[in-house]
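Dear colleague,

I am passing a structure on to you, together with some notes on what turned up in it. Please have the sequence and the model open while you read.

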Amino acid sequence: MKAILITLSSILFLTSCSTETVLPTPIPTPTPIHVEEAMYYPTIGSSVWETKSIQTLGWNQSAVQPLLDYLALKNSKSFIILVNGRIVMENYFNSHNAAANWYWASAGKTLTSTVTGIAQQEGLLNINNKVSQYIGSGWTSAPLAKENLITCKNLLSMSSGLDDSTDAVDPASLIYTADAGTRWAYYNVYVKLQDVVASASGQTWSSYFNTKLRDKIGMNGDWIQSGNNSVYWSSTRSMARFGLLMLNKGKWNSDQILNETYFNEATNTSQTINQAYGYLWWLNGKSSFHLPQSQLQFYGSIIPNGANDMFMALGKNDQKIYVIPSKKMVVIRMGDAADTSNLALSDFDNILWQKINALYQ
């Protein structure tokens, strides 16, 4: 009997072991992988341009109409916002349209800066060399020793030391005021860089510009001489294409059109006097700035409502390219003067950015 009980106990023990529930090893929930949206570049030679909606971005739809009302009120012709290269807003006002060209005014200075950089990377010039090395002596009325102090970089940074009371660029009008590099003054002498590039390349300025920049990113437009000024005219989308190139540090798709070293120099402080100026680019978020036709120093950011990392092409009567790397954003505005005629900056910039900020804050 005892043996039977031991046997039964063994059977029950083995049975209980064999029927024990074994729970499966839990499979961990995978951590979501954030896939960053690829930068978009519109096809060269095509009018197709990808869009992205306000809703997809999670922006505030109710802020759109106040922004458009303000743009219309302030004599705008066109307005574009790009995010990651895609059009988020594109609007035209006052009978303007996508096919119509408009002038860049001094916003086009940044085109000259960019093409000067391209010529340097091709070994045609060096911005640290004196201007007269490329266009000959006597291009100013300054004493030769003073003229020889003026480098291409001085023209890029508005620090030539020449008199800024006129837009004329004939030798008699280019008068010595201070040694190059010791005085910042915003005026038209930068245009001599176009002569430098033409001489160094053996081509006309327009031909070199078209081949090396315009056609490579699918812009339209032409340089038109207006008095003392060489002014670029194009469609608003062409201005946006250039802004997109600069958002991507001189790169268009896989083509590095402007090298990143020069790009970084161009979009950072270029001299010790005006912190808010690069190579013909305006820089936001600096501790102080100078304005056109003034030797006064102002403290704070040029556009307080704008992002600190924003750099800008600013032209007469409020032609604007704003590039905001932290938001992967480009903003374009073309039109007549928002209020009164101005060279580059006005109160319009700060109020406009208050309206733009309302879209996503």
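In which loop does Ile 44 lie? Ile 44 is found in the loop between helix H1 (2-18) and helix H2 (54-57), and before going further I should say that this is a predicted model, so everything below is to be read as computed from it. With a relative accessible area of 42%, Ile 44 is partly exposed, because that value lies between the 20% under which a residue counts as buried and the 50% over which it counts as exposed. Leaving aside its neighbours within four places in sequence, Ile 44 has contacts with Asp 215, Lys 216, Ile 217, Gly 218, Arg 241 and Trp 252. For one of these, Asp 215, the separation from Ile 44 is 171 residues in sequence, while the C-alpha to C-alpha distance in space is 8.2 Å.

Next come the strands. Strand E1 (residues 76-83) has eight of its eight residues buried, and is therefore largely enclosed by the rest of the structure. E1 runs antiparallel to strand E13 (residues 329-335), to which seven bridges join it, and in this pairing Leu 82 stands opposite Val 330 of E13. E1 also runs antiparallel to strand E2 (residues 86-92), here with six bridges, and Ile 80 stands opposite Glu 90 in E2. E1 and E2 form a hairpin that has two residues between the strands, and Asn 84, which is in the turn, has a positive phi of about 55°.

Two helix pairs remain to be described. The axes of helix H3 (residues 64-73) and helix H12 (residues 347-357) come within 9 Å and cross at roughly 160°, an angle over 145 degrees, so the two helices are roughly antiparallel to each other. Their contact is made by Pro 66, Leu 67, Tyr 70 and Leu 71 from H3, and by Phe 348, Ile 351, Leu 352, Lys 355 and Ile 356 from H12; by class, these residues are eight nonpolar, no polar and one charged. The crossing of H3 and H12 is left-handed.

For helix H4 (residues 109-121) and helix H8 (residues 192-201), the axes come within 10 Å and cross at roughly 30°, which makes H4 roughly parallel to H8. Thr 112, Val 115, Thr 116 and Ala 119 of H4 make the contact with Leu 193, Gln 194 and Val 197 of H8, and the residues of this contact divide into four nonpolar, three polar and no charged. The crossing of H4 and H8 is left-handed.

With best regards

Key: Residues numbered from 1 in each chain as written. Predicted model: local features only at pLDDT ≥ 70, side-chain atom pairs only at ≥ 80, totals over all residues. Heavy atoms only, no water. Axes fitted to C-alpha atoms, helices over the stretch in contact; angles between N-to-C directions. Helix = DSSP H or I, 4+ residues; strand = E, 2+ residues; numbered from the N terminus. Parallel < 35°, antiparallel > 145°, perpendicular 65-115°, else oblique. Left-handed = near helix turned anticlockwise from the far one by under 90°. Contact = heavy atoms within 4.5 Å. Nonpolar A, V, L, I, M, F, W, Y, C, P; charged D, E, K, R; others polar. Buried < 20%, exposed > 50% of the residue type's maximum accessible area, 1.4 Å probe, protein only. Pairing = 2+ DSSP bridges.
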